[in-house]
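Q: Could you take a close look at the disulfides in this model, and at what sits around them?

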Amino acid sequence: MTPSPPRRFPHPLAPLAALAAALCLHALPAQAGATLDAIKKRGEIACGVSSGVPGFSAADDKGQWRGLDVDVCRAIAAAVLGDATKVKWVPLGSQQRFSALQAGEVDILSRNTTWTLTRDASLGISFAAVTYYDGQGFLVPKRFKVASALQLKDADICVQSGTTTEKNLADYFRAQGIRVKPVVFEKFDASLKAFFNGRCVAYTTDASSLAGIRAGEAPNPDDYAILPELISKEPLGPAVRRGDEDWLAIVKWVVFALIEAEELGVTRDNAEARLKGKDPAAGRLLGQGEDLGKALGLDAQWAYRAVRAVGNYGEIFDRNLGAGSPLKLERGANALWNKGGLMYAPPLR
């Protein structure tokens with residue numbers, strides 16, 4: 001009888017060797033993705049913004065773009081190009097925003113856009129982070145004496161097509177057993193014009209946008225009220241094309257760095273002093289001692305430049321949406337996690 005060949009057992013250190021090899025691979029510096037290569041070659045980031053939503057992205061009377069979404073793009077430009085002004089602003093309507101991103105007309109969509117399952121899973125795009133937790137509401141003229149959305153039975157309600165707003169409107173009133181009459185417009189400006197001309201009893205979109213509309217578009221802001229109901233969850237944030245994980249990581253971690261900076265008390269004005277200080281967490285964020293940029297394919301001071309350009313998340317919020325802005329919105333859910341809100345950055349280490 002032919003003897004059986006000896007059984008071969010794996011070397012007892014083989015699993016450790018495999019783990020060490022895997023760790024070495026993860027420790028390698030990130031390689032710049034195709035999107036970052038293209039950005040560096042052209043010398044600017046193409047940022048898709050709205051055609052004018054106060055507080056998020058809108059051009060002022062001097063043609064300068066302002067808003068939370070605008071500052072996100074400026075922070076990314078500062079991080080990757082060293083200059084927050086190296087941004088090409090591309091205004092996009094709701095109907096064109098996703099196709100423009102898919103076609104490569106913009107590198108990032110930073111345009112008060114809600115993160116949903118179908119958008120994330122079926123459009124070939126990836127959402128990077130949440131920059132504003134919002135909810136859909138209703139704006140009404142005070143002369144109608146409407147105090148609740150439940151009083152809008154049979155009312156004409158102006159809404160923009162191609163948005164989550166249109167679907168939320170139908171779902172909410174169907175669940176309440178209330179009949180309303182959506183008046184749908186393709187363009188944002190047309191929907192607003194119709195509302196302020198008296199075509200509709202109410203206008204519906206994200207509550208933050210309603211505050212901006214009332215402050216910046218209403219003939220007399222005091223004549224309009226935002227109803228108390230929020231009928232949806234609207235996590236807003238930047239999105240990029242799927243397939244370039246390196247670019248996705250950069251956008252994601254620039255946003256997280258702005259949030260982390262607020263938690264650590266690092267501001268636009270004190271960032272330089274904090275860079276030279278003794279706080280290890282602030283030093284790590286700003287590029288002193290530990291180089292976090294290497295894993296992103298960036299240099300050590302990417303986050304320092306982002307904060308110096310636009311400030312931390314709290315400064316950005318206050319300037320565009322909060323007490324320092326015409327909108328005067330409360331932080332609410334957008335406060336830091338340790339101050340009763342939802343804003344939370346994973347560990348930057």
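A: Here is a walk through the disulfides, followed by some salt bridges. This is a predicted model, so to speak, where local features need pLDDT of at least 70, side-chain atom pairs count only at pLDDT 80 or more, and totals for chains, interfaces and linings use all residues. Residues are numbered from 1 along each chain as its sequence is written, and side-chain values use heavy atoms, with hydrogens and water left out.

Taking a disulfide as a pair of cysteine sulfur atoms within 2.5 Å, you get two of them. Number the bonded cysteines in sequence order and the pairing reads 1-2, 3-4.

Start with Cys47 and Cys73, joined with an S to S distance of 2.0 Å. They come from distant parts of the chain, 26 residues apart: Cys47 is in strand S1 (residues 45–49) and Cys73 in helix H3 (residues 68–81). Helices (H or I, at least four residues) and strands (E, at least two) are DSSP runs here, numbered from the N terminus. The torsion about the S-S bond of Cys47 and Cys73 is about 65°, so this disulfide is right-handed. Cys47 is buried at 0% relative accessibility, and Cys73 is buried at 1%. For the record, buried means under 20% relative accessible area, exposed over 50%, and partly exposed in between (1.4 Å probe, protein chains only).

Now for Cys158 and Cys200, again with S to S at 2.0 Å. Cys158 lies in strand S9 (residues 156–160) and Cys200 in the loop between helix H7 (188–196) and strand S11 (202–206), so the pair ties together parts 42 residues apart in sequence. With a torsion of about 80° about the S-S bond, the Cys158 and Cys200 disulfide is right-handed. Cys158 is buried at 0% relative accessibility, and Cys200 is buried at 2%.

Strand S9 and the loop between H7 and S11 also share a salt bridge, with Asp156 and Arg199 sitting 43 residues apart. The N to O distance for Asp156 and Arg199 is 3.0 Å; a salt bridge needs a side-chain nitrogen of Lys or Arg within 4 Å of a carboxyl oxygen of Asp or Glu. Asp156 is partly exposed at 22% relative accessibility, as is Arg199 at 43%.

The structure holds eleven salt bridges. Among them is Asp171 with Arg174, their closest N and O atoms 3.3 Å apart. Asp71, Arg74 and Arg319 are linked in a salt-bridge network.
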